[in-house]
Amino acid sequence: MTSTVKPESVALNRIGLSKADYSGSPSTLCNGCGHYSIANVIISAAYELSLDPTQIAKFSGIGCSSKSPAYFLGRSHSINGLHGRMPSLATGATTVNKDLVAIGISGDGDTGSIGLGQFKHLLRRNVDMVYIIENNGVYGLTKGQLSATADLGQKLKHGGLNEMPPFDLCLEAIIAGCGFVAKSFAGDPKQLQTLLKAALSYRGTAVLNVISPCVTFNNGEGSTKSYVWGKDHEIPLHEISFIHLEHNEIQSEYEPGSIREVTMHDGSIIRLKKIGQEYNPTDRMAAIKLLEEEKSGQIFTTGLLYLNEKRQTLVEHERLVDIPLTHLPDEKLRPLSASLDKINAEYM
């Protein structure tokens, strides 16, 4: 007789789920792809935060990155849309159901090329979601062409020489008014997981631009999107930790003046410990200056670049009711015939 009781060795989170309950389908990505690491980080963060996977919605467009939502959170809602149009799907879904935890997965092509306009308007509206850019500087799904984030002068075997300046998607996000902008590296899962936890507690659009090496087409010598280059050049702005509201974690051993704590909308705390330089992530111009300096210095700065918690989300701006629109009965959504007659009479 087979037992249905889970082994005691399987750790369960606060809602009774194991880490395996947050996994997805077997991956078809190339072995060693940075997107693997990002998928594993999403699984770990959702498990540790005890998020209900049935209340999570995943959105993506087209590309290697946009395939990756199939490989995590298999119990969640998911839609793989048109190339570059993922922001429209996320805007619609989160507007009619503001209780969803929305995670968008995109790539440097899906965001920086065909989807750039959609990306900018999503940020302008401040749609409540986490927007992860899996950035490898190359179109891997179509066999190695240069993308809009490829560095000037970069040469690829199949893509030729790049003679165009790249888009800095973090800079684009800050200029567009995004209130949470961070950059990380798929080869640094500890930092990335902390940033993701903070992004999930942020109210509004939280952009995570993650350098995610393409081991097939853009991981060679001279590539600034490779594992080797990232590990050799990464300069973290700060040591970062995240304390969830429900965890009640207390840490008291630190030097006075060296810690910066930021309280998020839900009461959770981001704790930033200075490394090497004084940096204020709430200073918009400082973030822009940092990114501009990075362009000429062959520097790869990671961490929380910019944070602004004062913006209204799209749902708040539109003054929607507290109950998600999808949960309202028909009588609340449809005006009475007399009301329509009154409106129509004004145009007669």
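**A tour of two pockets**

Start with the largest pocket, which holds about 510 Å³ of space. Keep in mind as you click around that this is a predicted model.

To find the middle of this pocket, select Asp-151, Pro-166, Lys-225, Glu-294 and Lys-295: of the 22 residues in the lining, these sit closest to the centre. Show them as sticks and centre your view there.

Next, colour the elements that build the wall. Pick α6 (169–175), β10 (205–211) and α9 (284–297), each of which supplies at least two residues of the lining of the largest pocket. Which of them gives the most? That's α9, with three residues.

Now colour the lining by residue class. In the largest pocket you'll get eleven nonpolar residues, six charged and five polar.

Time to move on to the second largest pocket, with about 440 Å³ of space. Its lining has 21 residues, and the ones to select for the centre are Val-101, Leu-200, Ser-201, Tyr-202 and Asp-266, the closest to it.

For the walls here, highlight β3 (101–107), β4 (129–135) and α7 (189–201); each puts at least two residues into the lining of the second largest pocket. Linger on α7, since this helix gives the most to that lining, with four residues.

Finish with the class colouring again. How many charged residues does the lining of the second largest pocket have? Seven, along with ten nonpolar and four polar ones.

Note on methods:
Residues are numbered from 1 along each chain as its sequence is written. This is a predicted model: local features need pLDDT of at least 70, side-chain atom pairs count only at pLDDT 80 or more; totals for chains, interfaces and linings use all residues. Side-chain values use heavy atoms; hydrogens and water are left out. On a 1 Å grid over the protein atoms alone, a cavity is a set of points where a 1.4 Å probe fits but cannot get out, and a pocket is an open set with protein on both sides within 12 Å along at least five of seven lines; lining residues have an atom within 4 Å of a point. Grid points are joined across faces, edges and corners, and a volume is the space filled by probe spheres set on the points. Ala, Val, Leu, Ile, Met, Phe, Trp, Tyr, Cys and Pro count as nonpolar, Asp, Glu, Lys and Arg as charged, and the others, Gly among them, as polar.
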